[in-house]
Each structure stands twice: as structure tokens, then as C-alpha cells.
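Here are some short exercises for you to try with a protein structure on your screen. Take each task at your own pace, then walk through the solution.

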Amino acid sequence: MEHKAVNALFLGPKSENYPVFKQMLGYMMDDYAEWRRGFHPDDPLVITPSDQEEEGFQATVREMRQVLVELAGLLQMTSVPWFSPRYLGHMTADTLMAANLGYMLALLYNQNNVAYEGSPGTTGLELETGRQLAAMMGYDPAQSWGHLTAGGTIANYEGLWLARNLKSIPHALRRTVPELVAGLDDWALWNLSPASILDLLEQAKQMGCFEQVRAHSVRGQGIPAGGLGKVLVPQSKHYSWVKAMDLLGLGQERLIQIPVQDDYRMDLESLRVTLEALLESHTPVLAVVAVVGTTEEGAVDGVYRIADLRDEFSKRGLSFWLHIDAAYGGYVRSAFLDAQGSFMDLPQMREELQESLSDWPSDHIYQAYQAISRSDSITVDPHKLGYIPYPAGAFLARDRRVVELISYFAAYVFEEAEDNPQLLGSYILEGSKPGAAAAAVWVAHRLVPLHWGGYGRLIGSSIGGARQFYRSLLEQPLFSANGRNYLVLPLTEPDLNIVVYAFNEQGNADLEVMNALNQRICEHGFRPTGPLLSSDFILSKTSLEQKEYRDTPLAFLRRFGIPEEEWRRVGSVFVLRSCVVTPFLARGATFETYWGTFRQSMTKALETL
Ligand SMILES: *Cc1c(COP(=O)(O)O)cnc(C)c1O
């Protein structure tokens with residue numbers, strides 16, 4: 001079958017598919033119980049029926065039930081109903097039934113992917129999903145390296161960790177095997193390309209100097225007094241990059257934040273000017289990070305231009321590691337791939353996608369996704385647009401030799417038994433980690449393939465829903481309540497499926513009043529006290545701060561008639577944010593229903609002001 005029925009993938013907002021789920025869960029549990037019994041079936045029972053009749057036993061079981069019922073109650077009182085199309089808030093929606101079941105099943109086997117002995121099955125699944133994700137991103141699965149992490153944050157740390165260690169290798173070579181870098185001055189050593197550093201490291205290995213080189217790199221010696229260069233991120237970056245600079249000892253002051261444009265994509269003219277200045281002053285650049293799907297706006301940076309700049313500056317003597325933070329937007333690349341995994345041409349792609357996506361992707365989005373494969377490493381989160389339960393992030397590197405930079409034992413990862421590292425924990429940032437998460441990702445990828453007919457269709461529905469929501473905001477921007485008129489405006493046309501917008505009373509030019517209005521609207525929908533199921537319509541929110549975004553939000557405010565002085569005075573705009581992750585909104589009748597519900601809830605909120 002070419003594409004999957006999205007309706008069959010989730011439990012459903014009304015638990016419509018509960019019979020399927022329950023049947024499968026029951027089957028899995030029965031099967032698992034049999035599996036235990038099947039291990040030396042002749043061994044005697046350890047817990048006997050008469051043990052089970054004892055009062056103490058019975059009391060303990062009753063207590064267990066009570067505690068679990070208490071937990072169920074707590075969860076029902078406090079959990080956010082992600083599954084409902086009335087939830088258009090954070091980057092969260094229902095998770096795939098198959099992934100949940102796969103997780104639950106593997107959980108029973110309690111696999112620990114840190115080491116092969118603890119997870120002979122699920123370590124393999126983790127590496128297989130790593131290869132699948134690498135292929136989705138356009139990396140050669142035979143040359144690249146991919147594994148799961150607890151999330152995008154950890155994958156970002158790992159990317160910067162590798163880039164950091166790599167940057168220090170050429171100088172370590174000069175100290176240990178100088179003949180390998182003969183004739184290269186200091187500046188040239190700072191600017192060897194990632195591939196050529198890895199080639200040199202391989203030569204050092206063949207000469208038997210590998211451990212010595214690593215000991216003289218940052219790994220053994222710490223950060224040199226002058227640092228290891230700057231890290232460039234867009235202002236729209238996830239805050240894990242700021243934490244990473246601290247954690248890896250690089251120093252937050254060496255993080256340069258490149259402004260974003262009015263569309264919240266990295267301003268590439270500004271990136272160029274910054275790189276020129278760094279080249280001019282002979283300041284090394286450790287890494288440049290591009291974001292594919294910013295956390296706040298879902299904006300997609302111009303990866304194709306950034307990769308061009310990397311190539312151009314590398315020729316001019318300034319070389320750096322290019323990391324793509326696609327924690328959020330990574331899975332969207334599946335929509336660009338045909339069933340063989342080839343990146344489709346644009347007309348073919350438009351044909352394959354659903355009608356609701358006739359105006360997506362733009363050339364910019366298309367080219368950005370195509371160019372992801374030109375990076376050195378990538379972060380992608382299965383627990384975001386993979387619709388897989390936590391914890392599931394992933395780190396991918398184009399050149400698998402990079403594991404040598406961080407491994408704690410000689411890396412036989414790829415040599416001994418193809419793709420069966422005995423000790424995954426020695427090549428990654430984390431230690432003990434759930435094999436169940438890998439099982440969930442693997443099951444999901446098996447059922448929903450990483451091409452247009454699988455995830456592409458699923459995520460396409462979510463993008464379709466977001467676009468309908470965006471268009472509806474544009475077409476019906478006026479709300480009235482208690483005789484007052486309000487205007488709602490989207491911040492930008494969404495690149496993916498995140499719609500950011502704000503309300504303002506017509507005629508109001510006071511930014512503080514506008515901010516308070518949006519805050520009240522958000523709070524009206526979301527009741528953090530009392531049962532969340534009584535919430536009307538749940539949105540998320542964010543503040544675009546001047547210290548973070550400089551003057552980018554000003555263009556948005558001007559459309560509301562808020563003058564520049566107000567922006568200068570207040571320095572922050574409170575906006576509403578709807579990640580339309582649910583695939584169900586895109587369906588015609590469903591959309592009409594929930595758009596009506598949205599308008600009613602917003603009007604109700606405005607009436608209570
Ligand atoms: C969510 C996100 C992260 C962090 O991922 P976690 O899984 O929450 O650790 C990093 N970068 C971007 C762009 C994100 O959207």
C-alpha cells in the first residue's frame with residue numbers, strides 16, 4: 001500500500017480506535033506472560049496460589065490498585081488533552097498507537113541500550129532507526145552515523161561536543177605528529193575542513209598515534225586559553241545552544257546570535273557580514289547552526305544559502321562545522337521523498353501531496369530541505385513530528401568517523417560486527433537509556449515509512465491544517481465582544497505548521513494593553529487550576545523580546561497601529577502560538593467545526609475582559 005490511513009494510526013480524540021488498541025495490548029500482555037513461563041517451563045512456581053491468598057498479599061495488591069487509581073486521577077486532573085483538535089498549543093499531539101504499543105511492549109523487557117548485553121535486540125533497533133533517519137536527511141547510510149538521544153537538547157550537545165573536539169585536533173596533531181600538518185600555520189590549522197581533519201586523524205591512527213593525538217586535543221587538555229572559536233546561531237535558536245556553550249566550556253560569550261528577518265528566518269546578509277569580519281580578524285569559527293523549524297515560529301532557515309556560504313568561506317580559508325537543528329522540522333523531509341527515498345522534483349512533489357497543500361512548499365522551503373544533506377550533523381526529534389512518545393531525539397552525523405572524537409574505548413563500532421557496537425554508551429553522551437524508546441521509533445518507522453506516503457502524508461495533513469487555520473485568520477480577522485472590535489493578525493505565513501498570532505482592540509496603540517489582552521485570552525482557554533478538561537480551547541504563548549529578537553517584531557506591531565515608541569518602551573510582545581501538530585484539523589468538516597469552536601472560545605474570552 002502506498003500510503004497509510006491516518007485514521008488508523010491514532011487512538012483518536014474520542015478513543016474511536018480503542019477496540020483495536022485494547023485488543024493489541026491484551027494480545028501483547030498474554031504473549032509476554034507466556035514468554036516468561038516459557039523460560040525453563042519445568043522450574044517450580046516461586047509465588048504459589050496459597051501465597052496469593054494470604055492477607056498480606058491481598059492487602060498489598062489492594063494498595064497497589066489504590067496507588068494506581070490515585071495516579072490515574074492525578075494524571076486526568078493535570079494532563080493537557082493533546083489529542084483533541086481543541087488543543088492547538090505546544091509542539092505536541094497524540095502519539096501513534098503503534099509507537100505507544102511498541103514502547104509498552106519493550107518496556108516490559110526493560111532493555112538498556114547503553115550496552116549490548118542489556119539490550120541485544122533494541123540496540124540493533126536503535127542503530128537501524130539511526131540509519132533510517134540519516135537516509136531521510138539525505139546522508140549516505142553506509143557512511144553516516146545516527147543514534148537516538150533523550151531529545152533534541154542532548155543531540156545538540158552531542159553535535160557541538162563533536163565539533164569542539166574536532167576543532168582541536170589539528171593543533172593536537174602539530175604537537176604530536178607534526179609531520180602530518182607540516183607547512184600549515186596557526187590560521188590554516190584552525191581552518192582545516194571537517195573531512196580533512198578526519199582524514200588526518202585516520203593517518204595518525206595508522207601511525208599508532210591516535211590516543212596520543214586525542215590526549216593532546218581538547219578532550220585531554222581542556223579548552224585552550226584563546227578558546228576554540230565562535231559559534232554562530234540565529235536569534236531564533238533553541239535555548240539549548242546557550243546551555244551547550246556553558247556545559248562544553250566554550251563560554252556563552254563566544255555564542256554569536258545572528259538576527260532574523262521579518263519572516264523569522266536567519267538573516268543571511270548578516271551572517272555573511274559576520275563571517276567576513278571573523279575572517280578579516282582571523283577569529284576561528286567553530287560551528288554555524290541553522291534551524292529547520294524554529295521552536296517559536298516553525299521558521300525554516302535558508303540552509304541552501306548557508307551551505308553555499310560554508311563552501312565559499314571554506315575556499316577563502318575560513319572553515320567550520322555546519323549543524324542543522326531540525327529537532328522540530330526534521331521529519332518534514334519525509335514529505336519530499338518518493339517511495340524509493342529519492343528527493344522528488346518540485347512538480348512531482350506537488351502532485352503527490354494532498355490538495356490542501358497546493359500552495360506548499362515554497363521554493364525556499366523546498367531548497368532548504370534539499371540542502372539539509374550538505375550539513376555535517378543534524379538534530380531531529382522523533383518525539384516531535386515523529387508522533388512518538390518521549391524520550392526520543394536523534395543525533396546524525398554525515399561522517400561516521402566522528403565517533404572517534406568522543407569514544408571512550410577504541411571505536412570498533414563499525415568494524416567488528418557491522419553496526420553492532422558492544423557498548424553504545426561509550427560513543428554517545430548518555431549512559432543508561434530506554435531500549436523501549438528505540439522500539440517505539442522502530443515500530444513507528446516500520447508502519448509509517450519515512451517518505452511522502454507515510455510520514456509525508458501524516459505531517460502533510462498537519463501542515464494542511466495549519467495553513468487552513470492561517471488562511472482563516474486572514475479571512476476572518478475581526479472579532480467583536482461587548483460592542484468592542486478586535487483584530488487578529490498572524491505574525492508571518494507559517495513555513496511549517498506553527499501559526500503565531502495576536503489580538504488587539506481596534507484603535508489601541510498601547511503595547512502593554514495589547515500584551516495584557518493576549519495574556520488574558522491565553523489564560524481563559526487554559527486553566528492550570530482545576531480540571532484541564534474544562535478548558536475551552538488551549539493555545540500556547542510566547543513573548544518576542546527585544547533582547548532576543550532586536551527590532552524584528554516591530555513590523556508586526558506596526559500592522560496593528562502600535563508605534564515604534566511603544567516597542568522601545570515595552571520591549572516585548574506577547575503572542576499566541578498554535579502548533580497544529582494534529583493531523584485531524586485538515587479534514588474539511590472537522591476544520592469547520594473546530595474553527596467555529598475557536599472563534600466562539602476567543603469571543604467568550606474577549607467578553608470576559
Ligand atoms: C524542541 C527543540 C529542541 C530541544 O529538543 P528537546 O527534545 O526538547 O530536548 C532543540 N531545538 C529545536 C529547534 C527544538 O524545536
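**Exercise 1: Enclosed spaces**

Find how many cavities of 30 Å³ or more the structure holds, and describe the lining of the second largest one.

*Solution.* Keep in mind that this is a predicted model.

Step 1. There are four cavities of 30 Å³ or more in the structure.

Step 2. Turn to the second largest cavity, which contains about 70 Å³ of space.

Step 3. Look at what surrounds this space: among the residues lining the second largest cavity are Glu 126, Leu 148, Thr 149, Pro 391, Lys 433 and Ala 437.

Step 4. Ask which elements take part: β2 (145–149) and α18 (435–447) each contribute at least two lining residues.

Step 5. Sort the lining of the second largest cavity by character, and you get six nonpolar residues, one polar and three charged.

**Exercise 2: The largest pocket**

Work out which helix gives the most residues to the lining of the largest pocket.

*Solution.* Step 1. Start with the pocket itself, whose volume is about 1,100 Å³.

Step 2. Its lining consists of 34 residues, and those nearest the centre are Leu 11, Ser 79, Trp 82, Phe 83 and Asp 94.

Step 3. Check the helices: α1 (18–37), α3 and α4 (97–109) each supply at least two residues of this lining.

Step 4. The helix you are looking for is α3, which gives the most, with five residues.

Step 5. As for character, the lining of the largest pocket has 23 nonpolar, eight polar and three charged residues.

**Exercise 3: A patch on the surface**

Name the residues that make a nonpolar surface patch of about 480 Å², then place Leu 74 in its helix.

*Solution.* Step 1. The patch is built from Met 64, Leu 68, Leu 71, Leu 74 and Leu 75.

Step 2. Leu 74 belongs to helix α3, which covers residues 55–78.

**Exercise 4: Reading a sheet**

Explain why β1 and β9 each have one side without a neighbour in the sheet.

*Solution.* Step 1. Recall that strands of a sheet pair through backbone hydrogen bonds, either parallel or antiparallel.

Step 2. Write down the order of the six strands in this open sheet: β1-β12-β13-β11-β10-β9, with mixed pairing.

Step 3. Because β1 (87–88) and β9 (478–481) stand at the edges with a single partner strand each, one side of each is left without a neighbour in the sheet.

Step 4. Now zoom in on one pair: β11 (residues 498–505) and β13 (residues 572–579) are antiparallel, joined over four bridges.

Step 5. Within this pair, Val 499 sits opposite Ser 578 of β13.

Conventions:
Residues numbered from 1 in each chain as written. Predicted model: local features only at pLDDT ≥ 70, side-chain atom pairs only at ≥ 80, totals over all residues. Heavy atoms only, no water. Patch = residues over 30% accessible without salt bridge, like charges linked within 9 Å, V, L, I, M, F, W, Y side chains within 5 Å. Areas by Shrake-Rupley, 256 points an atom, 1.4 Å probe, with all protein chains shown as cover. Salt bridge = Lys/Arg side-chain N within 4 Å of Asp/Glu carboxyl O. 1 Å grid on protein atoms, 1.4 Å probe; cavity = no way out; pocket = protein on both sides within 12 Å on 5 of 7 lines; lining within 4 Å. Points joined across faces, edges and corners; volume = space filled by probe spheres on them. Nonpolar A, V, L, I, M, F, W, Y, C, P; charged D, E, K, R; others polar. Pairing = 2+ DSSP bridges.
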